[in-house]
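Q: Could you walk me through one part of this model up close? I'd like to see how that part sits in the rest of the chain.

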Amino acid sequence: MSFEHGLALMSVNERREPSIAEFSLLGRDWELLPGVFSPTACFSTKLFASWLPYAGADRFLEIGSGAGVIAVTAALAGCRSVTAVDIDPSAVENTRRNTRRHGVSDRVECVQSDLFSALTDPDAFDLIFWNSNFIEPPTDFASDTPIRRAIFDPGYQAHDRFLTEAPRRLSPQGRLFLGFSDLGNAEHLRELAATHGLSIRMERSTVIPYAHPIEYQLVELTRKPEDT
């Protein structure tokens, strides 16, 4: 069921007209460039943008910013410095346009990056979030377009990289969150987290009653205490 849902999301996005569009979400209007995953194609962006604990987070990092809804929301919620990264240059430009549209371009830096690769060292963030590509496709499926990469993660290779690198980018009291779902491979995620010395805690979840109900999950990844 999870792979079929991913294919449906892929189809919805790939059938869009090749022109700039507008959409409404969270009481605001946004611009959507061709080839960028639509935040209205599913509920995840709306939910995670509303659930993230921005309060007290001076520096916020979003991995996979897409159209920029969560990065803009973080800035409007009081994060003084927001870094929004995406591997797709169209998504970077889309985020940049929406930061200008909503008057937060002075607080949001838009960076083209494959996860953390283009970030300077030693950037440290109070809050890091990734609305992950949690659907694990068959091994012979090609995730070779920006839309496919936004939905599918073959072998959870991107998740492994995220769990390896993200904790190093946290400030001493920083928090690390992942947008996930019961369509994801929770067992694989737990195994990867354990390998990197991390525990998984459910911050918040809700079930959306599609034809096949889906539980969206905001999970926090925390360092396991050192053995004494």
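**A close look at arginine 149**

A: Setting aside neighbours within four places in sequence, arginine 149 is in contact with Ile87, Asn133, Ser143 and Asp144. Keep in mind that this is a predicted model. Arginine 149 itself belongs to helix H5, which covers residues 146-151. Is arginine 149 buried, partly exposed or exposed? Its relative accessibility is 33%, and because buried means under 20% and exposed over 50%, arginine 149 counts as partly exposed. For a sense of distance, take leucine 61: it is 88 residues away from arginine 149 along the chain, and the two C-alpha atoms are separated by 19 Å.

Now for the sheet. It's an open one with 7 strands and mixed pairing, in the order S5-S4-S3-S6-S7-S9-S8. At the edges are S5 (108-112) and S8, each of which pairs on one side only. From one strand to the next, the twist averages 20 degrees. S8 and S9 run antiparallel and are joined by 10 bridges; serine 205 stands opposite glutamine 217 in S9.

Next, the helices that lie across these strands. H6 lies across S3, S6, S7, S8 and S9, and runs at about 165 degrees to S7. Which residues of H6 (157-165) are buried? They are Ala158, His159, Phe162, Leu163 and Glu165. These buried residues pack against strands S3 (59-63), S6 (125-131), S7 (170-181), S8 (198-208) and S9 (214-223), and also against helix H7 (186-195). H7, for its part, lies across S7, S8 and S9, with an angle of about 155 degrees to S8.

Zooming out, the chain has 7 helices and 9 strands. Of its 228 residues, 50% are buried. If you count contacts between residues at least 6 apart in sequence, 65% of them join residues at least 24 apart. The radius of gyration is 17 Å, which agrees with the value near 17 Å for a compact globule of 228 residues. Along the principal axes, the C-alpha trace spans about 60 × 40 × 30 Å. As for surface, the chain exposes about 10700 Å², with carbon and sulfur atoms supplying 49% of that.

Methods: Residues are numbered from 1 along each chain as its sequence is written. This is a predicted model: local features need pLDDT of at least 70, side-chain atom pairs count only at pLDDT 80 or more; totals for chains, interfaces and linings use all residues. Side-chain values use heavy atoms; hydrogens and water are left out. Buried means under 20% relative accessible area, exposed over 50%, partly exposed in between (1.4 Å probe, protein chains only). Helices (H or I, at least four residues) and strands (E, at least two) are DSSP runs, numbered from the N terminus. Contact means heavy atoms within 4.5 Å. Two strands pair if DSSP finds at least two bridges between them. Axes are lines fitted to C-alpha atoms, for helices over the stretch in contact, and angles run from 0 to 180 degrees between N-to-C directions. The radius of gyration is taken over C-alpha atoms; the globule rule is 2.2 Å times the number of residues to the power 0.38. Accessible areas come from the Shrake-Rupley method with a 1.4 Å probe; for residues, only the protein chains shown count as cover.
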